[in-house]
Amino acid sequence: MNPLDQLADIQLPQEVSIWPLAWGWWVSAILVLLILVSIIYGTRLYILNRRAKKAAIAALSAIDLSQKNAISQINIVLKRAVLSYFPEEQVASLHGPQWSAFLTNQLSQKQQQHMQQKIEELVDSLYQQKAEKDPQQAALTAKTWLTSALPPKRKSENVTAMKEAANV
């Protein structure tokens, strides 16, 4: 009898399974998932936050500047855009000097110096029988304001103060 016949076949170990994962892989998977969710959420917020601004710029472009009430329509577009970003109870009742002050305060300090006169002329021309402001210039002023002031980078502290000052 051959002594090799008595030997048993080689026993291979079981295949190593991928499951259950080590805790480090679970942590990595959760981190990747959280990063993906935060990127999607941030992108969605970015798009939604600028939707009203894009709609306002499109509405501003659609205004027929040869009409008599073009400046009034420009003001309506500005008011609608502002109401999309600020509380209605604070902004809806603003008009005249308060409205122009609000619009100016939403700009940076450098832009305030440059745009204050133009915004005041735009708002003042709303209350004149024959508008002295060129509708082209008013539309350009409104577009500049929309692109630089919206969405707001800082909360407006002056809105409440202006409203309280108007009630005194």
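Biologist: Where is Ser100 found?
Modeller: Ser100 is in helix 4. Helices here are DSSP runs of H or I with at least four residues, strands are E runs of at least two, and both are numbered from the N terminus. Keep in mind that this is a predicted model: local features need pLDDT of at least 70 and side-chain atom pairs count only at pLDDT 80 or more, while totals for chains, interfaces and linings use all residues. Residues are numbered from 1 along each chain as its sequence is written, and side-chain values use heavy atoms, with hydrogens and water left out.

Biologist: OK, so is Ser100 buried or exposed?
Modeller: Ser100 counts as buried because its relative accessible area is 7%. Buried means under 20%, exposed means over 50%, and partly exposed is in between, with a 1.4 Å probe and protein chains only.

Biologist: And what does Ser100 touch?
Modeller: Leaving out residues up to four places away in sequence, Ser100 touches Ile119, Glu120 and Val123. A contact is heavy atoms within 4.5 Å.

Biologist: How many residues of helix 4 are buried?
Modeller: Seven of the 10 residues in helix 4 (96-105) are buried, and the helix is mostly covered. Among them are Gly96, Trp99, Phe102 and Leu103. Thr104 and Asn105 are on that list too.

Biologist: Switching to Ser125, where does that one sit?
Modeller: Ser125 is in helix 5, which covers residues 109-125. At 4% relative accessibility, Ser125 is buried.

Biologist: Which backbone oxygen lies by the side chain of Ser125?
Modeller: The one of Leu122, with 2.7 Å between that oxygen and a polar atom of the Ser125 side chain. Elsewhere along the chain, Ala138 is 13 residues from Ser125, and their C-alpha atoms are 9.4 Å apart.

Biologist: What about Leu34, buried or exposed?
Modeller: Leu34 is exposed, since its relative accessible area is 52%. Leu34 belongs to helix 1.

Biologist: Zooming out, how many helices and strands are in the chain?
Modeller: There are seven helices and zero strands, so to speak α-α-α-α-α-α-α from the N terminus on. The chain has 168 residues, and 27% of them count as buried.

Biologist: What share of the contacts comes from residues 24 or more positions apart?
Modeller: They account for 64% of the contacts with a separation of 6 or more.

Biologist: Where is confidence lowest in the chain, and where is it highest?
Modeller: The low end is helix 7 (residues 158-167), with a mean pLDDT of 47, and the high end is helix 1 (residues 23-62), at 94. Over residues 158-168 the pLDDT is below 50, and that stretch has 12 contacts in the model beyond near neighbours in sequence. pLDDT is the predictor's confidence in each residue, from 0 to 100. The chain as a whole has a mean of 85, with 89% of its residues at 70 or more.

Biologist: Last one: which peptide bond is cis?
Modeller: The bond from Leu150 to Pro151, with omega near -15°. Pro151 is in the loop between helix 6 (135-149) and helix 7.

How values were computed. Polar contact = N/O pair within 3.5 Å; in protein donor to acceptor, adjacent residues only side chain to side chain.
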